[in-house]
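This briefing sets out the strand pairing, burial and charge contacts of a single chain. Please read it alongside the sequence and the structure shown below.

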Amino acid sequence: MKHTRVAALATISLAAALSLTACGDDSGKGSSAKGSSSSSSSSSSSSSSSSSSSSDGGSKSEGGSGGSSSGSEAGSAKAGSGGDTKSGTASKGTGTTGGKVTFCKTQDLAIDAADAAPDEQSGRIDITMVNRGSTTCSTTGFAGVDIKDADHTSSPIERGEAQPRITTLKPGDAAVFNLAYDIDTTGDSLATPVNILVTPPNETHSVSLKWPAGAGAIKGAYTDVQVYPTHETN
């Protein structure tokens, strides 16, 4: 009976061992199959991804080029906008337009004429313009000048041979230009100047100034008088 139980136990143990072996084999096969399937899927996915990346890479290159251009244009537009804003601020603060100083208005200038002859042969009238406005402005160039005679006629004065100089005036600054002529020492001058009509550079409004007392008589005619460009006094 004892032998029978031992034989029965041995049989059960053998059966259990065979069962476990069978399960292990099946599990290995399943894992192997699953791993193979996963590897295949991963390989396929990698291949697909590589293909997609290659394709996207080409598009990205084209898109990058276009993006760069658009970025540059956007940057230029932004820079332009910033520039405009800055110019606008300058215009409001210093009397400039588009970054350029505007010409002084006649109404903002205090204008005066004085005799400045260096000797008894060379006649010279200095005409000074002081910026009485609240903003910086320019008087660069030639002023328009007419001399009014005692017989009520007016004669335009020709420009001398000289290059204009940049003349920018802050509030309170002054610029000057000259009228030059030869002084008549014979006493036979036919010119009897009474007033000087001055139109600042790039302006249309004029002011009338008295011919300076004590200034030498003009030799010849008014066509022999010349006006020279403005320049700063300091």
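Two strands are taken to pair if DSSP finds at least two bridges between them. In strand S7, the bridge partner of Lys148 is Ser154. The model is predicted, and its chain comes to one helix and 14 strands.

**Chain totals**

- Of the 234 residues in the chain, 26% are buried.
- The accessible surface amounts to about 14900 Å², and carbon and sulfur atoms contribute 52% of that area.
- Among contacts with a separation of 6 or more, 74% are between residues 24 or more positions apart.

**Strand S6 and its partners**

- Strand S6 covers residues 144–149 and has two faces: Val145, Ile147 and Asp149 lie on the covered face, while Gly144, Asp146 and Lys148 lie on the uncovered one.
- On one side, S6 pairs with strand S11 (residues 193–199) in the antiparallel sense, over six bridges.
- Val145, a residue of the covered face, stands opposite Val198 in S11.
- S6 is also joined to strand S7 (residues 154–156), again antiparallel, by three bridges.
- Lys148, which belongs to the uncovered face, has Ser154 of S7 as its bridge partner.
- S6 and S7 form a hairpin with four residues between the strands, and in this hairpin His152 takes a positive phi near 75°.

**Strand S4 and its partners**

- Strand S4 (residues 122–131) is mostly covered, with seven of its ten residues buried.
- Strand S3 (residues 109–115) runs antiparallel to S4, and seven bridges join the two.
- Within this pairing, Ala113 has Ile127 of S4 as its bridge partner.
- The hairpin formed by S3 and S4 has six residues between the strands.
- S4 also pairs with strand S10 (residues 174–182), in the antiparallel sense and over nine bridges.
- In the pairing with S10, Val130 stands opposite Ala174.

**Salt bridge**

- The count of salt bridges comes to one.
- This salt bridge links Asp126 with Arg124, and the closest N and O atoms are 3.3 Å apart.
- Asp126 has a relative accessible area of 19% and therefore counts as buried, since the cut-off is under 20%.
- Arg124 has a relative accessible area of 34% and is partly exposed, because that class lies between the 20% limit for buried and the 50% limit for exposed.

Methods: Residues are numbered from 1 along each chain as its sequence is written. This is a predicted model: local features need pLDDT of at least 70, side-chain atom pairs count only at pLDDT 80 or more; totals for chains, interfaces and linings use all residues. Side-chain values use heavy atoms; hydrogens and water are left out. Buried means under 20% relative accessible area, exposed over 50%, partly exposed in between (1.4 Å probe, protein chains only). A salt bridge is a side-chain nitrogen of Lys or Arg within 4 Å of a carboxyl oxygen of Asp or Glu. Contact means heavy atoms within 4.5 Å. Accessible areas come from the Shrake-Rupley method with a 1.4 Å probe; for residues, only the protein chains shown count as cover.
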